[in-house]
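I sat down with this model to look up its links, its cores and its charged pairs. My entries follow in the order in which I made them.

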Amino acid sequence: MAIRVGRALVVAVLVTSACGITSPPRGDEIRLSGEEDAVELCLPGGDDIADMSFGMETVRVTGDVPVELVAVHLVEPQDFELVQAYVAPERVRGSFGGVTGWPGQGVSRQTLDALQPIPGAVLPPAQDLPEDERRPGLVLHLRGAAGARFEGFTVDYRLEGSDKVLRTDRSHQRMSVGDCGG
């Protein structure tokens with residue numbers, strides 16, 4: 001009887017593992033902020049759910065071929081909804097930061113038109129761009145209320161000519177909403 005239970009347990013573990021969701025393999029063609037660059041943005045917020053933007057992360061393609069950004073995943077999200085992720089060219093990424101409201105007050109139509117939605121945004125290698133275009137920004141349209149937070153994010157991407165999805169190391173940029181102690 002013990003052997004049957006053991007076999008049944010092994011089969012159950014194999015079936016569960018086969019059905020489990022796995023993360024894409026790690027890739028190193030995109031660089032996000034590391035722990036040494038980590039900051040936490042705190043936005044004041046109340047109990048009502050509100051739109052907000054987070055645009056404090058750069059996305060640098062360190063490889064030799066263009067990449068297509070496929071998805072952004074918040075790390076340890078709590079009460080945040082990621083409505084949409086975008087890439088902003090370096091010339092307009094300063095229009096975003098951490099602001100309540102989407103897209104934020106004073107953001108021009110020209111700046112909004114420059115955003116590339118993810119999935120589908122394609123970035124060339126930084127080495128192929130002029131110096132002042134090498135650090136585009138990741139812009140997140142989020143929804144949350146007091147108590148919402150995330151502890152970073154990852155980006156899934158594909159190299160040009162490949163169907164294989166890879167995932168970046170996590171960014172250490174964090175965001176929270178509530179009493180910012182200010």
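Before reading any accessibility, I fixed the terms: buried means under 20% relative accessible area, exposed over 50%, and partly exposed in between, with a 1.4 Å probe and protein chains only. I note that this is a predicted model, in which local features need pLDDT of at least 70 and side-chain atom pairs count only at pLDDT 80 or more, while totals for chains, interfaces and linings use all residues. Residues are numbered from 1 along each chain as its sequence is written, and side-chain values use heavy atoms, with hydrogens and water left out.

Entry: overall layout.
I looked up the secondary structure and found three helices and 13 strands. Helices (H or I, at least four residues) and strands (E, at least two) are DSSP runs, numbered from the N terminus. The protein has 182 residues, of which 40% count as buried. About 10200 Å² is exposed, and carbon and sulfur atoms supply 50% of that area; the areas come from the Shrake-Rupley method with a 1.4 Å probe, and for residues only the protein chains shown count as cover. I then took contacts (heavy atoms within 4.5 Å). Among those between residues at least 6 apart in sequence, 82% join residues at least 24 apart.

Entry: disulfide.
Which cysteines form a disulfide? I found C42 and C180, with their sulfur atoms 2.1 Å apart; the cut-off for a disulfide is a pair of cysteine sulfur atoms within 2.5 Å. The structure holds one such link. Its angle about the S-S bond is -85°, which I logged as left-handed. C42 lies in strand β2 (residues 40-43) and C180 in the segment after β13 (174-177), so the pair ties together parts 138 residues apart in sequence. C42 is partly exposed at 26% relative accessibility, and C180 is partly exposed at 35%.

Entry: nonpolar cores.
I used this rule: a nonpolar core is a set of buried Ala, Val, Leu, Ile, Met, Phe, Trp, Tyr and Cys residues joined through side-chain atoms within 4.5 Å. The largest core has 29 residues, and L69, F80, L140, L142, F150 and M175 touch the most other members. Strands that each supply at least two residues of this core include β3 (50-58), β5 (67-74), β6 (78-88) and β10 (137-150). The largest share, five residues, comes from β10. I also checked L140: leaving aside neighbours within four places in sequence, its contacts include M52, F54, L82, W102 and F153. Apart from the largest core lies another, of eight residues, among them F96, V107, A114 and V139.

Entry: salt bridges.
How many salt bridges does a search of the whole structure find? I logged 11, counting a side-chain nitrogen of Lys or Arg within 4 Å of a carboxyl oxygen of Asp or Glu. R174 pairs with E40, the closest N and O atoms being 3.6 Å apart. R174 is in strand β13 and E40 in strand β2, so this pair ties together parts 134 residues apart in sequence. R174 is partly exposed at 23%, as E40 is at 38%. R174 also forms a salt bridge with E151, at 3.9 Å between the closest N and O atoms. E151 sits in the loop between β10 and β11 and is buried, at 18%. R167 and D156 form a salt bridge with closest N and O atoms 2.6 Å apart, and both residues are buried. Finally, I noted that salt bridges sharing partners join E40, R149, E151 and R174 into one network.
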